[in-house]
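Colleague: I would like to learn how to read a model of this kind feature by feature, and I would be glad if you took me through one. Where should we begin?

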Amino acid sequence: MTGCKDISHLLSDEAKIRKPSPIKTTMKYFSDPDIIFLGAGMPPGDMFPFQSVSFESVSLDDDTSSSSTVKGCIGTNKDDLELQDDIPLGRALQYGNSRGQPELVSFLKEHSTIFHNIRYDDWDLITTAGSTQAWDACLRLFCNKGDTVLLEEYTYSSSVEAATTQGLNCVAMKTDNHGIVPEELEKLLQNWNSHSQGPFPKLLYTIPNGQNPTGSTLKDERKPAIIKLASKFDLLIIEDDPYYFLQMNEFGQPQSTIPDDLSSDPKEAKTQLLGQLSKSLLEWDYEGRVIRMDSVSKTFAPGCRLGWVIGPKYLLDSLWNYHEVSMQSTCGFAQTVINGMLQRWGQIGYMKWLLKLRNSYSIKRDHSLNQCFKYLPKDICSVNLPTSGMFFMVFIDAKKHPQFESKFQSNTDLMEQYLYEKFVNRGLLLACSSWFRVDPQKMDTLAFRGSYASVSAGKMEKGIRTLGDIIREEFQV
Ligand code: PLP
């Protein structure tokens with residue numbers, strides 16, 4: 001293990017001048033019995049109108065019996081908690097802990113070391129209000145107005161909007177079915193033209209697993225090359241990976257089950273339960289250039305507004321300084337309840353829950369792709385095979401439309417809008433790929449994004465059949 005490289009020159013001007021909030025530096029004295037603390041406007045805990053929160057988890061067993069549900073009731077004080085590692089509600093709801101409540105941070109650090117073999121010592125983890133907030137905060141941490149950010153050519157539209165509204169220059173990186181293409185990235189960086197492309201990029205944003213919108217997953221073999229390029233061209237990487245735990249079973253393969261000889265060692269249990277998961281960019285990072293963003297939005301529930309970032313401690317300290325004067329901290333209720341559930345499940349129990357998620361997403365993915373194979377005309381449509389996440393893309397060969405030139409002036413965006421409206425009129429909503437396109441000029445693909453996450457099997461079949469019908473009518477096949 002080594003230390004990470006100092007890349008603090010990549011911090012934004014704003015982050016360079018930001019100092020720890022002076023009033024927040026006093027918080028460490030708040031619970032010191034030797035200090036009469038008159039220093040902060042904190043409402044007294046005994047005036048919070050809550051005595052406890054209670055929760056009950058779903059079962060972790062395959063048979064959905066209630067034998068492995070966990071229940072908890074968490075009160076306000078440390079002295080009357082059911083578990084030593086519960087977060088007392090009185091503390092969770094108070095000002096003060098903007099790095100995250102220590103019990104939760106400690107669980108998440110252990111979880112992260114089970115799943116990612118981090119190569120340098122001085123890393124840290126702080127909680128966020130989810131990856132949307134974390135991305136916005138990272139942009140402020142590293143970018144000045146006008147700076148250039150690299151993103152996959154199709155990407156999560158909110159991430160692009162957050163960057164453009166901060167006045168940043170968003171430039172697309174070439175991708176294929178396996179994510180960023182390192183050779184193309186190298187060409188892009190090597191031949192950078194500041195006149196036409198803007199300032200040399202500072203930050204690279206990627207969604208490595210189950211990419212939104214394409215559903216593609218960055219190949220493990222490409223990751224070391226991307227990390228090397230980041231080092232060579234002095235880039236910072238933001239790894240936005242909310243779909244990491246939605247890595248699925250092989251297409252058409254039986255469901256994974258909990259083995260009878262499940263190890264009590266979390267690292268071994270991880271392999272027994274979840275097999276070989278892809279390696280994160282964080283794991284390949286040997287210099288401390290990757291900030292990894294995780295979120296409970298896809299593993300618990302989006303309304304929890306809870307996530308975390310991992311990266312070099314000195315960089316997260318700067319992020320923390322910003323959090324202290326912006327979001328202050330992650331929601332106390334969310335931290336208490338999620339931590340309560342995680343502590344009762346334990347690391348291996350949590351993996352069993354992740355296995356359940358994997359199995360149900362695999363069933364949904366297999367079903368929706370089978371409907372595509374059954375109902376879509378093969379010579380017009382093609383569909384990618386997602387190995388993780390919630391999304392699949394239907395690509396349509398626009399040139400095969402009999403009126404591609406006459407009606408749509410060979411413009412795929414015009415055709416996309418026309419088809420989108422046709423779909424909606426027939427009761428089907430698919431997202432237009434142009435909504436996710438970083439370069440608005442690059443209109444060479446006609447594609448729609450579908451998600452199998454929250455649709456019943458029957459509705460998925462009906463939707464894809466409708467899609468097939470419309471394509472056949474339109475393309476006259
Ligand atoms: N990042 C990506 C790539 C997403 O697809 C999404 C949600 O769809 C988010 C972030 C939002 O995550 P969170 O709910 O943690 O803000």
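Modeller: We can begin with the pairing of strands, keeping in mind that this is a predicted model. Strand S8 (residues 203-206) runs parallel to S9, and the two are joined by four bridges; within that pairing, Thr206 of S8 has Glu239 as its bridge partner in S9.

Colleague: Which unit do S8, helix H8 and S9 make?

Modeller: Strand S8, helix H8 (residues 223-232) and strand S9 make a β-α-β unit, and that unit is right-handed.

Colleague: With which strand does S9 pair over four bridges, apart from what you have said about S8?

Modeller: That partner is strand S10 (residues 290-295), which pairs with S9 in the parallel sense, and in this pairing Asp240 stands opposite Met293 of S10.

Colleague: Are the residues of S9 buried or exposed?

Modeller: A residue is called buried when its relative accessible area is under 20%. Five of the five residues of strand S9 (residues 236-240) are buried, so this strand is largely enclosed by the rest of the structure. The side chains of Leu236, Ile238 and Asp240 point one way, those of Ile237 and Glu239 point the other way, and burial applies to all of them.

Colleague: How do the side chains along strand S1 compare, and which of them are buried?

Modeller: In strand S1 (residues 52-56) the side chains alternate, with Val53 and Phe55 buried on one face, whereas Ser52, Ser54 and Glu56 point to the other face and are not buried. Strand S1 pairs in the antiparallel sense with strand S2 (residues 71-75) over five bridges, and Glu56 has Lys71 of S2 as its bridge partner.

Colleague: In what order do the four strands of the open sheet lie?

Modeller: The order is S12-S13-S15-S14, and the pairing in this open sheet is antiparallel. Strand S12 (381-383) and strand S14 (431-432) stand at the edges with a single partner strand each, so one side of each has no neighbour in the sheet. Between S12 and strand S13 (residues 391-396) there are three bridges in the antiparallel sense, and Ser382 stands opposite Phe395 of S13.

Colleague: Let us turn to the ligand. How many residues surround the ligand, and which are the closest?

Modeller: The ligand is surrounded by 13 residues, and the closest are Thr132, Asp240, Tyr243, Ser295 and Ser297. Sorted by character, the residues of this shell divide into four nonpolar, six polar and three charged.

Colleague: Which distances should I look at between polar side-chain atoms and the oxygen atoms of the ligand?

Modeller: Pairs of N or O atoms count as a polar contact when they lie within 3.5 Å. A polar side-chain atom of Thr132 is 2.6 Å from an oxygen atom of the ligand, an N or O atom in the side chain of Asn212 is 2.8 Å from an oxygen atom of the ligand, and for a polar side-chain atom of Ser297 the distance to an oxygen atom of the ligand is 2.6 Å. Taken alone, the ligand exposes 400 Å², of which the protein buries 92%.

Colleague: What kind of peptide bond joins Asn212 and Pro213?

Modeller: The peptide bond between Asn212 and Pro213 is cis, with omega about 20°, and Pro213 lies in the loop between S8 and H8.

Colleague: Where does the backbone show a positive phi in a residue other than glycine?

Modeller: One such residue is Gln409, with phi near 50°; Gln409 lies in the loop between S13 and helix H13 (412-425) and, at 55% relative accessibility, counts as exposed. Arg305, which is not a glycine either, has a positive phi of about 50°; its place is in the loop between S10 and strand S11 (307-312), and at 33% relative accessibility Arg305 counts as partly exposed.

Colleague: Where is Thr148 found, and is Thr148 buried or exposed?

Modeller: Thr148 belongs to strand S4 (residues 148-152) and, with 0% relative accessibility, counts as buried. A polar atom of the Thr148 side chain lies 2.6 Å from the backbone oxygen of Pro199.

Technical notes. Residues numbered from 1 in each chain as written. Predicted model: local features only at pLDDT ≥ 70, side-chain atom pairs only at ≥ 80, totals over all residues. Heavy atoms only, no water. Buried < 20%, exposed > 50% of the residue type's maximum accessible area, 1.4 Å probe, protein only. Pairing = 2+ DSSP bridges. Right-handed = clockwise from strand over helix to strand, strands pointing away. Near = heavy atom within 4 Å. Polar contact = N/O pair within 3.5 Å; in protein donor to acceptor, adjacent residues only side chain to side chain. Areas by Shrake-Rupley, 256 points an atom, 1.4 Å probe, with all protein chains shown as cover. Nonpolar A, V, L, I, M, F, W, Y, C, P; charged D, E, K, R; others polar.
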